[in-house]
Amino acid sequence: MRRRPAQGVWSPLEYTCHVRDVLRVQGERLALALVVEEPEFTPMGRDERAVADAYNEQDPAVVLAELAAAADDLAARFAALGQPELARTGVYCWPQPQVRTLLWLGRQTVHEGEHHLLDIGRAARSQAAQA
């Protein structure tokens, strides 16, 4: 879980921590957009966060539990939204600042989870091949 398959590629544990934090940050962005008109979402600092929070030193069982809780929480919060709330907007900073709806934010979050699940699988397969 902690071995990086190549230089500059995160370990499966680091990717898992990142997905957990993406879910948390998207939840913060969702909450902000529901009370502020077109807020500017600050970057999450993915690389800085991985170092500052020592992703690769975290307990995998705790990370998985936190990931599940973050996913359940965000899914419930999105499920409670109606069309007017999903149409609310914020300025999403990546890849360049652009106004996005909360519906887009939800879809982007699912995309990120799927994308990083593939990253985790590739890193795990690389480790298995090296073993």
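**Salt bridges and aromatic contacts**

Arg20 is buried in the predicted model, with a relative accessible area of 3%. The side chain of Arg20 forms a salt bridge with that of Glu66, at an N to O distance of 2.8 Å. This contact joins distant parts of the chain, since Arg20 belongs to helix 1 (residues 12-35) and Glu66 to helix 3 (residues 60-79), and the two residues are 46 apart. Glu66 itself is partly exposed, its relative accessible area being 27%.

A salt bridge also connects Glu66 with Arg24, where the closest N and O atoms are 3.7 Å apart. Because Glu66 lies in helix 3 and Arg24 in helix 1, this pair ties together parts separated by 42 residues in sequence. Arg24 has a relative accessible area of 35% and is partly exposed. Glu66 thus has Arg20 as a salt-bridge partner and Arg24 as another.

Arg46 and Asp47 provide a further salt bridge, with 3.6 Å between N and O. Both residues fall in the partly exposed class: Asp47 has a relative accessibility of 44%, and Arg46 has a relative accessible area of 37%. Elsewhere, Arg20, Asp21, Arg24 and Glu66 are joined into one network by salt bridges that share partners. The count of salt bridges in the model is 9.

Aromatic side chains give a second set of contacts, with a count of 4 aromatic pairs. One of them is formed by Phe41 and Tyr92, whose rings are arranged edge-to-face, with 6.5 Å from centre to centre and 80° between the planes. The pair spans 51 residues and links distant parts of the chain, with Phe41 placed in the loop between helix 1 and helix 2 (46-52) and Tyr92 in strand 1 (residues 89-92). Phe41 is buried at 3% relative accessibility. Tyr92 is likewise buried, at 8%.

Ring pairs also link Trp10, Tyr15 and Tyr55 into a cluster. Trp10 has a charged neighbour as well: the charged end of Arg46 sits over the Trp10 ring, 4.6 Å from the ring centre. Arg46 therefore takes part in two kinds of contact, through its salt bridge with Asp47 and through its placement over the ring of Trp10.

Note on methods. Residues are numbered from 1 along each chain as its sequence is written. This is a predicted model: local features need pLDDT of at least 70, side-chain atom pairs count only at pLDDT 80 or more; totals for chains, interfaces and linings use all residues. Side-chain values use heavy atoms; hydrogens and water are left out. A salt bridge is a side-chain nitrogen of Lys or Arg within 4 Å of a carboxyl oxygen of Asp or Glu. Helices (H or I, at least four residues) and strands (E, at least two) are DSSP runs, numbered from the N terminus. Buried means under 20% relative accessible area, exposed over 50%, partly exposed in between (1.4 Å probe, protein chains only). Rings of Phe, Tyr and Trp (its six-membered ring) pair if their centres lie within 6.5 Å; planes under 30 degrees apart count as stacked, over 60 as edge-to-face and the rest as tilted. A charge sits over a ring if NZ of Lys or CZ of Arg is within 6 Å of the ring centre and within 35 degrees of the ring normal.
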